[in-house]
Amino acid sequence: MARDPGRPLRADAQRNREKILSAAVRVFAEEGLDAHLERIAKEAGVGTGTLYRNFPTRELLIEAAYRNELARLCDAAPELLAALPPREALRVWLARFMDYANAKLGMADALRGVVASGVNPYAQSHEMIQDALSRLMDAAVAAGVIRSDIGATDMFAALTGIALASGKPEQREQADRLLDLTLDGLSAGSDAQ
């Protein structure tokens, strides 16, 4: 029997759901659309019944795993701003964006399967990322640590380029260097005026 989405989960059920989603990202990234759901359940440390109760279809699991990664990325922006100076918060978030992009790249085949089934897992993704990035950049501009003439749209384009050029796990050091280079170019002292 599928879970009632209107009813809040118990704490242990929420932990199980989170473990399933994390395992799903890893397994779908490794195996693509053909990943066995039993392996995901095993890696999450739950029974297959628990997995199917939360996600009755493969497509629902893939979509939920992707959306969970997106929410984790976007929800991190205010948390980072509350804990770190704005420039540091932006840099940490940029690294998390690369983790998100890596997961999305790894899940590409599985996500294409979801799209082919008529579901759009990407609905509002762009807007959510832009909002989080804008929030971080606005705080850094207000603190006087980055330029004010470069907006979130341009920064998102740069991040997308870095993710496409250096988005694989074995390219992480290069991606980090490119993120540092990009952030250095955003520094308030490098205004091209």
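Two helix axes that meet at an angle over 145 degrees count as roughly antiparallel. I begin with that cut-off, colleagues, as it bears on a pair of helices in the predicted model now before you.

The pair is helix 5, residues 86-106, and helix 7, residues 125-142; they pack at an angle of about 160 degrees, and their axes lie 8 Å apart. That angle is over 145 degrees, and helix 5 and helix 7 are therefore roughly antiparallel to each other. The crossing of helix 5 past helix 7 is left-handed.

Which residues of helix 5 and helix 7 meet? Helix 5 contributes Pro-86, Ala-89, Leu-90, Trp-93, Leu-94, Phe-97 and Tyr-100. From helix 7 come Ile-129, Ala-132, Leu-133, Leu-136, Met-137, Ala-139 and Ala-140. By class, the residues of this contact comprise 14 nonpolar, no polar and no charged.

Let me place this pair within the chain. The protein chain has nine helices and zero strands, and its C-alpha trace spans about 60 × 35 × 30 Å along the principal axes. Of its 193 residues, 39% count as buried. Where contacts join residues at least 6 apart in sequence, 68% of them link residues at least 24 apart.

I turn now to the interior. In soluble globular proteins, nonpolar side chains tend to be buried together. Here, the largest nonpolar core has 56 residues, and those with the most contacts inside it are Phe-28, Ile-40, Leu-61, Trp-93, Phe-97 and Leu-133. Among the elements that give two or more residues to this core are helix 1, helix 2, helix 5, helix 7 and helix 9. The largest share, 11 residues, comes from helix 4.

Trp-93 deserves a word of its own. Leaving aside neighbours within four places in sequence, Trp-93 is in contact with Ile-129, Ala-132, Leu-133 and Leu-136, and also with Leu-73, Ala-76, Ala-77, Leu-80 and Leu-159. Trp-93 thus appears both in the meeting of helix 5 with helix 7 and among the core residues with the most contacts.

Finally, consider Arg-91, which also sits in helix 5. Is Arg-91 buried or exposed? The cut-off for buried is under 20% relative accessible area; Arg-91 has 17%, and is therefore buried. Not counting residues up to four places away in sequence, Arg-91 touches Asp-176, Leu-179, Asp-180 and Leu-183.

Terms used
Residues numbered from 1 in each chain as written. Predicted model: local features only at pLDDT ≥ 70, side-chain atom pairs only at ≥ 80, totals over all residues. Heavy atoms only, no water. Axes fitted to C-alpha atoms, helices over the stretch in contact; angles between N-to-C directions. Helix = DSSP H or I, 4+ residues; strand = E, 2+ residues; numbered from the N terminus. Parallel < 35°, antiparallel > 145°, perpendicular 65-115°, else oblique. Left-handed = near helix turned anticlockwise from the far one by under 90°. Contact = heavy atoms within 4.5 Å. Nonpolar A, V, L, I, M, F, W, Y, C, P; charged D, E, K, R; others polar. Core = buried A, V, L, I, M, F, W, Y, C linked by side-chain atoms within 4.5 Å. Buried < 20%, exposed > 50% of the residue type's maximum accessible area, 1.4 Å probe, protein only.
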